[in-house]
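Student: Could you take a close look with me at one part of this protein? I would like a connected account of it, and of how its surroundings are put together.

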Amino acid sequence: TGRLAAAAQPASAPAGADGPYTLAPLPYDYAALEPHIDAETMKLHHDVHHAAYVQGANQAQGELAAIRQGGGNAYLEQRAALDKLTFNLAGHVLHSVFWNNMRRDGGGDPPTGSRVDELLRRDFGSIDKWRESFSWAAMQVQGSGWGVLAWEPLSQRLTVLSVEKHQNLALPGAVPLLVVDVWEHAYYLKYRQQRAAYLRAFMNVIHWQDVEQRLRTAESAAAGPQ
Ligand code: MN
């Protein structure tokens, strides 16, 4: 595409001014998740923090393109650009899932008869046991990171992960279905240091239809063309 071509230009153009990644608007207004997640947090989180990851990922792609063009011994530069790409792009991917995982008047149990309801019960024993595992994984993140419910294609089971920063302890191939951001920027204005209170509030905004859709897409992708 034109955007990809632009990113492949050498870094004579300002890095990150354009690139393959773009910040989509939130799928609802900033106050949509009140009182569970406040509008100010949503605005800063999306418009500043997520925007910075998009910019960082675009810049990293620009730097890698410039290194490829320049040749020579660019090991350190390349290593730094790859670190930058992994961190920022993983942040972009997870935030993009996160916004869509939430909705006004969400939460509760997954709809009866949904595939996600069936697999959560099968793989965790009950919805309450899943809720406990997921919250525990999010609580245990050391420093900044994410609680993740993922579909793991080798075992064809659901699994819970504690991802640190945006990329550490992530599992290649696992498809994120439901993610909760536990960086302090996600909750500190309203909940201060109380991550557990924020996690309880998050349970009230889960968009189960979105999780269901992601699960069905992941399962059909793994099954391949019928
Ligand atoms: Mn975040």
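Which element gives the most to the lining of the largest pocket?

Tutor: Happy to! Please keep in mind that this is a predicted model. The element you are after is helix 3, which contributes three residues to the lining of the largest pocket. Helix 3 spans residues 75-100, and the other elements that supply two or more lining residues are strand 1 (145-152), strand 2 (157-164) and strand 3 (175-181). The pocket holds about 190 Å³ of space. Its lining is made up of 13 residues, and those nearest the centre are L94, A170, L171, A174 and P176. Sorted by class, twelve of the lining residues are nonpolar and one is polar, with no charged residues.

Now let us follow the chain onward from helix 3. In the loop between helix 3 and helix 4 you will find D105. This residue is not a glycine, yet D105 has a positive phi of about 55°.

Beyond that loop comes helix 4 (residues 115-124), whose axis comes within 8 Å of the axis of helix 5 (residues 127-140), with a crossing angle of roughly 75°. Helix 4 and helix 5 are therefore roughly perpendicular to each other. On the helix 4 side, the contact is formed by D117, L120, R121 and F124, while helix 5 brings I127, K129, W130 and S133. By class, this contact of helix 4 with helix 5 has four nonpolar residues, one polar and three charged.

Helix 4 has a second partner to look at. Its axis and that of helix 8 also come within 8 Å, and here they cross at roughly 80°. Helix 4 and helix 8 are therefore roughly perpendicular to each other as well. From helix 4, the residues R115, V116, L119 and L120 meet W208, V211, E212, L215, R216 and E219 of helix 8. This contact of helix 4 with helix 8 has six nonpolar and four charged residues, but no polar ones. Notice L120, which takes part in the contact with helix 5 and also in the one with helix 8.

Helix 5 and helix 8 have a link of their own. Among the eleven aromatic pairs found in the whole structure is that of W130 and W208, whose ring centres are 5.6 Å apart and whose planes lie at 65°, so the pair is edge-to-face. W130 belongs to helix 5 and W208 to helix 8 (residues 208-223), so this pair ties together parts that are 78 residues apart in sequence. Both tryptophans are already familiar: W130 contacts helix 4 from helix 5, and W208 meets helix 4 from helix 8.

One last stop takes us back along the chain. The peptide bond joining E34 and P35 is cis, with omega at about 0°. P35 sits in the loop between helix 1 (2-7) and helix 2 (39-70).

Methods: Residues are numbered from 1 along each chain as its sequence is written. This is a predicted model: local features need pLDDT of at least 70, side-chain atom pairs count only at pLDDT 80 or more; totals for chains, interfaces and linings use all residues. Side-chain values use heavy atoms; hydrogens and water are left out. Axes are lines fitted to C-alpha atoms, for helices over the stretch in contact, and angles run from 0 to 180 degrees between N-to-C directions. Helices (H or I, at least four residues) and strands (E, at least two) are DSSP runs, numbered from the N terminus. Angles under 35 degrees count as roughly parallel, over 145 as roughly antiparallel, 65 to 115 as roughly perpendicular and the rest as oblique. Contact means heavy atoms within 4.5 Å. Ala, Val, Leu, Ile, Met, Phe, Trp, Tyr, Cys and Pro count as nonpolar, Asp, Glu, Lys and Arg as charged, and the others, Gly among them, as polar. On a 1 Å grid over the protein atoms alone, a cavity is a set of points where a 1.4 Å probe fits but cannot get out, and a pocket is an open set with protein on both sides within 12 Å along at least five of seven lines; lining residues have an atom within 4 Å of a point. Grid points are joined across faces, edges and corners, and a volume is the space filled by probe spheres set on the points. Rings of Phe, Tyr and Trp (its six-membered ring) pair if their centres lie within 6.5 Å; planes under 30 degrees apart count as stacked, over 60 as edge-to-face and the rest as tilted.
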